[in-house]
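Colleague: Please take one close look at a single part: the site around the ligand. Walk me through what surrounds it.

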Amino acid sequence: MRIAVCPGSFDPLTNGHVDIIRRGAGLFDRIIVAILVNEQKTPLFTTAERVEMVREAFAADVSVGVETFEGLLVDFAERHDACAIVRGLRAVSDFEYEFQMALMNRRLNARVETVFMMPAAEYSYISSRLVKEVVMLGGSVAGLVPPAVERRLHDKRARG
Ligand SMILES: Nc1ncnc2c1ncn2[C@@H]1O[C@H](COP(=O)(O)OP(=O)(O)O)[C@@H](O)[C@H]1O
Ligand SMILES: [Mg+2]
């Protein structure tokens, strides 16, 4: 059984994330979406809300699991018997940070390999940050996030 973890903030889940998680699920027997508990980043969605959105999007997919984590990602991976970290790469902007993280994680635990995947071109410009910005300014993100995420974004905006 080959298990991978797909870590991130997922604040909120976008179709770019969904694309990468599905690609990961195609390569590994099981993929665990690992949601970072990051209070300093002051996320728009609570950890529980971020977990629910991923659960809803992958309800039909038994090979995709969801967990939260704090602390070192490689320790989380080890605890879950994962052999790989799956990360998505958009344009050049992601590269430098991802390169540093991958090499640091390897230094911390060489048994866990980082695997990068490219999303479909139509999702390659989506970020959670931009999606939040557009919704808060009254724009539509239909087709860029799962429908349940879109509803929750509009609820947040309505409540201010
Ligand atoms: N549109 C996208 N296409 C492909 N990968 C993406 C996209 N948006 C985010 N990702 C990837 O998903 C992972 C989690 O991203 P994110 O939720 O922003 O968490 P982080 O805080 O770790 O950047 C990262 O590997 C990121 O590069
Ligand atoms: Mg990010």
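Modeller: A polar contact here is a pair of N or O atoms within 3.5 Å; within protein, one must be able to donate a hydrogen and the other to accept it, and residues adjacent in sequence count only if both atoms are side-chain atoms. An oxygen atom of ligand 1 lies 2.7 Å from a polar backbone atom of G88. For F10, the distance from a polar backbone atom to an oxygen atom of ligand 1 is 2.9 Å. Y123 meets a nitrogen atom of ligand 1, with a polar backbone atom 2.8 Å away. Taken alone, ligand 1 exposes 550 Å², and the protein buries 89% of that (Shrake-Rupley areas, 1.4 Å probe; for residues, only the protein chains shown count as cover).

This is a predicted model: local features need pLDDT of at least 70, side-chain atom pairs count only at pLDDT 80 or more, and totals for chains, interfaces and linings use all residues. Residues are numbered from 1 along each chain as its sequence is written, chains are lettered from A and ligands numbered from 1 in written order, and side-chain values use heavy atoms, leaving out hydrogens and water.

Now the shell. There are 16 residues around ligand 1 (a heavy atom within 4 Å), and S9, K41, G88, Y123 and I126 come nearest. By class, six are nonpolar, five polar and five charged (nonpolar: Ala, Val, Leu, Ile, Met, Phe, Trp, Tyr, Cys and Pro; charged: Asp, Glu, Lys and Arg; polar: the others, Gly among them). β1, α1 and β4 each supply at least two shell residues (DSSP runs numbered from the N terminus: helices H or I, at least four residues; strands E, at least two). The largest share, three residues, comes from α1.

The loop between β1 and α1 holds F10. Phi of F10 is near 50°, a positive value in a residue other than glycine. P12 lies in the loop between β1 and α1. A cis peptide bond joins D11 to P12, with omega about 0°.

Ligand 1 takes the space of the largest pocket (more than half of its atoms lie within 2 Å of the grid points). A pocket is an open set of points on a 1 Å grid over the protein atoms alone, where a 1.4 Å probe fits, with protein on both sides within 12 Å along at least five of seven lines; lining residues have an atom within 4 Å of a point. The volume is about 1,100 Å³ (space filled by probe spheres set on the points, which are joined across faces, edges and corners). Of the 41 lining residues, P7, G8, S9, R87 and E98 are closest to the centre. α4 gives the most to this lining, with seven residues.
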